[in-house]
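Student: Could you take one part of this model, its salt bridges, and go through the pairs closely, saying where each partner sits and how well it is covered? Afterwards I would like the same care given to the other local features.

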Amino acid sequence: MASIPSSERDSFSSKFGVIAAAAGSAIGLGNIWRFPYVTGENGGAAFLLIYLAFVTLVGIPVMMSEFVIGRSAQKNAVGSFKRLAPRKPWFLVGMMGVAGAFVILAFYAVVAGWTLSYLFDSARYLVQPDKYGFGEMSTEQLRHFFQEGYDSFLAGTWKPVVTFLAMMGLTVIIVLSGVRDGIEKYAKILMPILLAILLVLVARGVTLEGAREGVRFLFKPDFSQITGNTVLVALGQAFFSLSVGMGTLITYGSYIQKRDNLANTAVSVAFADTFIAVIAGLAIFPAVFAFGISPDSGQGLVYITLPVIFQKMAFGSFWALLFFLLLCLAALTSTISVLEVVVAYFSEELGMNRKRATLIAGSSIGILGLMVTMSWGPLANVTFRDLNIFELFDASPAYFLPLGGFFIVIFVGWFYGRNNSKKELSSEGKRSIRYYPIFIFLVRYLAPIAIALVFLNVVGLIRF
Ligand code: TRP
């Protein structure tokens, strides 16, 4: 751990460090892999608009509420509720978050493994272009390579397993070194560089012949594409991308210093996260249409499309290498934030030391994730309603994150008390909180009602 006396809780050192760590958690595969693929499956621009509304009206209030809970209680996701509401069942919300962390990390680290594998492939290609890599494959071959082929990546048994274990291992190593030394240091420099490369990709993407169609897809809404399920997917994606609804930001909130501005941090993080997602969309969709790839190709979308863009760029394999490197690092700043939820809970509530907590959490999630890596291979037959293990894991956060978020805003809006939340948001009266009436309206009414309506619609009790 950092050189901090053990009596004091580990915390983030600077204001930028806080934003960087929370943004590092938020920005990741959710933006660059998941956002484009779910947007592609759900009709494009109309989905994007609903997504933006959910980020603003539901996501930000949930994020601020998580910060309020974590920083006032100075505890992990479960312990925070126990401290703020002793002998009440609210801690179950935290428990659901800890369980959710297992599910999310088990499939997220698998996708991080794909990214690592692409990183290796671009490195090999750079060294021996004639022998290796996807640099010269056609779109068809790439799809084959990625989904079905002889060297089929997903159905393979060793490659996804090894790369998954590598990403899990790296996550464990970083979390072992503690919050300030581990998490903060990495997040600070990486996100800005990632954005810069994405912008290079956008420049290449939008100048491709036939790119127009992709820009239109992303920005010209067609509301006939929207169904009740689309709305749930949009809500789930907003929660997923912002890292809210399962106590990650309660945990990180407990490491934020008392003087820092929670509202400002939440808005900056949400803005940065959303900006990166939209930019990623703008990098992907023009190329998707230009190359005749189907926007609803599912989880493989960016892994099929990106290599084609790189092929069309001068020094493409160099850009590919850099991009996949940064994407791996962005994924790591997210995986560590998920593992930290479990580690903070194990160490503070179950009395394990940090090392033991990290190893136990990491290895149990590792075992769960191994099953996920086999979703297209040995375990392809294990399905539920036509979804394989990976797809089930990937779809479930759309349910449990909004559910967690619902209870989090209800807690802060109705149970925690206005004076307490005001005190926390204003850093004990030291800063003005003129926005407070809006905040309290959102957490009391708008956010919980919006979440409830989406759920009622999904179970068929109402229709919109
Ligand atoms: N938000 C991250 C991404 O977009 C993933 C993530 C990290 C996450 N921590 C989380 C998702 C907590 C849900 C809950 O890549």
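Tutor: What follows starts with the salt bridges and then turns to a long-range contact, a cavity and two backbone angles.

The model is predicted, so local features are given only at pLDDT of at least 70 and side-chain atom pairs only at pLDDT 80 or more, whereas totals for chains, interfaces and linings use all residues. Numbering runs from 1 along each chain as its sequence is written, and side-chain values use heavy atoms, with hydrogens and water left out.

A search of the whole structure gives 6 salt bridges, a salt bridge being a side-chain nitrogen of Lys or Arg within 4 Å of a carboxyl oxygen of Asp or Glu. Among them is the pair formed by glutamate 424 and arginine 71, whose side chains meet at 2.7 Å, N to O. Because glutamate 424 belongs to helix H18 (residues 418–425) and arginine 71 to helix H3 (residues 45–73), this pair ties together parts that are 353 residues apart in sequence. Helices here are DSSP runs (H or I, at least four residues), as strands are (E, at least two), numbered from the N terminus. Glutamate 424 has a relative accessibility of 7% and therefore counts as buried, and arginine 71, at 0%, counts as buried too. The cut-offs are under 20% relative accessible area for buried, over 50% for exposed, and partly exposed in between, with a 1.4 Å probe and protein chains only.

Glutamate 424 also takes part in a salt bridge with lysine 258, where the N to O distance is 3.4 Å. Here too distant parts of the chain are linked, since lysine 258 is in the loop between helix H11 (248–253) and helix H12 (262–290), while glutamate 424 is in helix H18, 166 residues apart. Lysine 258, with 39% relative accessibility, counts as partly exposed. Put together, Arg71, Lys258 and Glu424 are linked in a network of salt bridges. In this network, glutamate 424 pairs with arginine 71 and glutamate 424 likewise pairs with lysine 258.

Another of the salt bridges is that between arginine 354 and glutamate 340, with side chains meeting at 2.7 Å, N to O. Arginine 354 is in helix H15 (residues 354–373) and glutamate 340 in helix H14, the two being 14 residues apart, and the pair again links distant parts of the chain. Both arginine 354 and glutamate 340 are buried.

A contact of another kind concerns alanine 106, which lies in helix H5. The C-alpha atom of alanine 106 is separated by 8.3 Å from that of isoleucine 367, although the two residues are 261 residues apart along the chain. Alanine 106 has a relative accessible area of 0%, which means that this residue is buried. Tyrosine 445, by contrast, is found in helix H19, and its relative accessible area of 37% makes tyrosine 445 partly exposed.

The next topic is enclosed space. Rolling a probe the size of a water molecule over the atoms shows where empty space is left. The count comes to 1 cavity of 30 Å³ or more, where a cavity is a set of points, on a 1 Å grid over the protein atoms alone, at which a 1.4 Å probe fits but cannot get out. The largest cavity holds about 160 Å³ of space; grid points are joined across faces, edges and corners, and the volume is the space filled by probe spheres set on the points. Its lining has 16 residues, of which Ser25, Ile104, Phe240, Ser243 and Val338 are the closest to the centre of the largest cavity, a lining residue being one with an atom within 4 Å of a point. Two or more lining residues come from each of helix H1 (15–26), helix H5 (91–127), helix H10 (228–242) and helix H14 (316–349).

Finally, the backbone. Most residues other than glycine have a negative phi, and most peptide bonds are trans. Arginine 87, not a glycine, has a positive phi of about 55°; arginine 87 lies in the loop between helix H4 (77–84) and H5, and its relative accessibility of 83% is why it counts as exposed. Aspartate 386, also not a glycine, has a positive phi of about 70°. This aspartate lies in the loop between strand E1 (383–384) and strand E2 (387–388), and aspartate 386 counts as exposed because its relative accessibility is 72%.

How values were computed. On a 1 Å grid over the protein atoms alone, a cavity is a set of points where a 1.4 Å probe fits but cannot get out, and a pocket is an open set with protein on both sides within 12 Å along at least five of seven lines; lining residues have an atom within 4 Å of a point.
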